[in-house]
Amino acid sequence: MKHRDDDKKETFKILPLITQMGLVMIASVGMTTALGIWLDRRLGTSYITVILFFVGAVAGCQGVYRLVKKICRDEDGKDDTVSKKGR
């Protein structure tokens, strides 16, 4: 089975986008968890970290969703799904 050059080019175009999605998730979860740990130590509690971890996970998912939605837009600013239905 031969791989075409077009497949390799497409892979290298998508790789930075996948990396960016991972960084968005890691940054949002990491920052909110670090804030939660700091607040727990400062206030003497033990539950703020867990709450902020889930808040960061939701924020990360939302950030990845927005990134994917932005990538999937046409040059016209319309979603691909909308333009495909009209064809």
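Biologist: Let's start with Gly 36: is Gly 36 buried or exposed?

Modeller: Gly 36 has a relative accessibility of 0% and buried means under 20%, so Gly 36 counts as buried. Keep in mind that this is a predicted model. Gly 36 sits in helix H1.

Biologist: Which residues is Gly 36 in contact with, leaving aside its neighbours within four places in sequence?

Modeller: Those partners are Ile 48, Thr 49 and Leu 52. You can also compare sequence with space: Gly 36 and Ile 51 are 15 residues apart along the chain, and their C-alpha atoms are 7.8 Å apart.

Biologist: How should I read the overall fold?

Modeller: Start with the elements along the sequence. Here the pattern is α-α-α, with three helices and zero strands.

Biologist: What does helix H2 look like, and which of its residues are buried?

Modeller: Helix H2 covers residues 48-71, 24 residues in total, and its first and last C-alpha atoms are 34 Å apart, close to the 34 Å expected at 1.5 Å a residue. Its buried residues are Ile 48, Thr 49, Leu 52, Gly 56, Ala 57, Gly 60, Val 64 and Leu 67. Across the chain of 87 residues, 17% count as buried.

Biologist: What does Thr 32 touch, not counting residues up to four places away in sequence?

Modeller: Thr 32 belongs to helix H1, which spans residues 5-43. Its contacts are Leu 52, Phe 53 and Gly 56. With Leu 52 there is a polar link too: the Thr 32 side chain reaches the backbone oxygen of Leu 52 at 3.0 Å.

Biologist: How do I describe a pair of aromatic rings?

Modeller: You give the distance of the centres and the angle of the planes. In this model, a search of the whole structure finds one aromatic pair. The rings of Phe 53 and Phe 54 have centres 5.4 Å apart and planes at 80 degrees; over 60 counts as edge-to-face, so this pair is edge-to-face. As for its surroundings, Phe 53 counts as partly exposed, at 36% relative accessibility.

Biologist: Where is confidence lowest, and where is it highest?

Modeller: Look at pLDDT for each element. Helix H3, residues 80-85, has the lowest confidence with a mean of 54, while H2 has the highest at 94. For the chain, the mean pLDDT is 84, and 79% of the residues reach 70 or more.

Biologist: And how much surface does the chain expose?

Modeller: About 7400 Å² is exposed, and carbon and sulfur atoms supply 64% of that area.

Notes
Residues are numbered from 1 along each chain as its sequence is written. Side-chain values use heavy atoms; hydrogens and water are left out. Helices (H or I, at least four residues) and strands (E, at least two) are DSSP runs, numbered from the N terminus. Buried means under 20% relative accessible area, exposed over 50%, partly exposed in between (1.4 Å probe, protein chains only). Accessible areas come from the Shrake-Rupley method with a 1.4 Å probe; for residues, only the protein chains shown count as cover. A polar contact is a pair of N or O atoms within 3.5 Å; within protein, one must be able to donate a hydrogen and the other to accept it, and residues adjacent in sequence count only if both atoms are side-chain atoms. Contact means heavy atoms within 4.5 Å. Rings of Phe, Tyr and Trp (its six-membered ring) pair if their centres lie within 6.5 Å; planes under 30 degrees apart count as stacked, over 60 as edge-to-face and the rest as tilted. The expected span of a helix is 1.5 Å times one less than its number of residues. pLDDT is the predictor's confidence in each residue, from 0 to 100.
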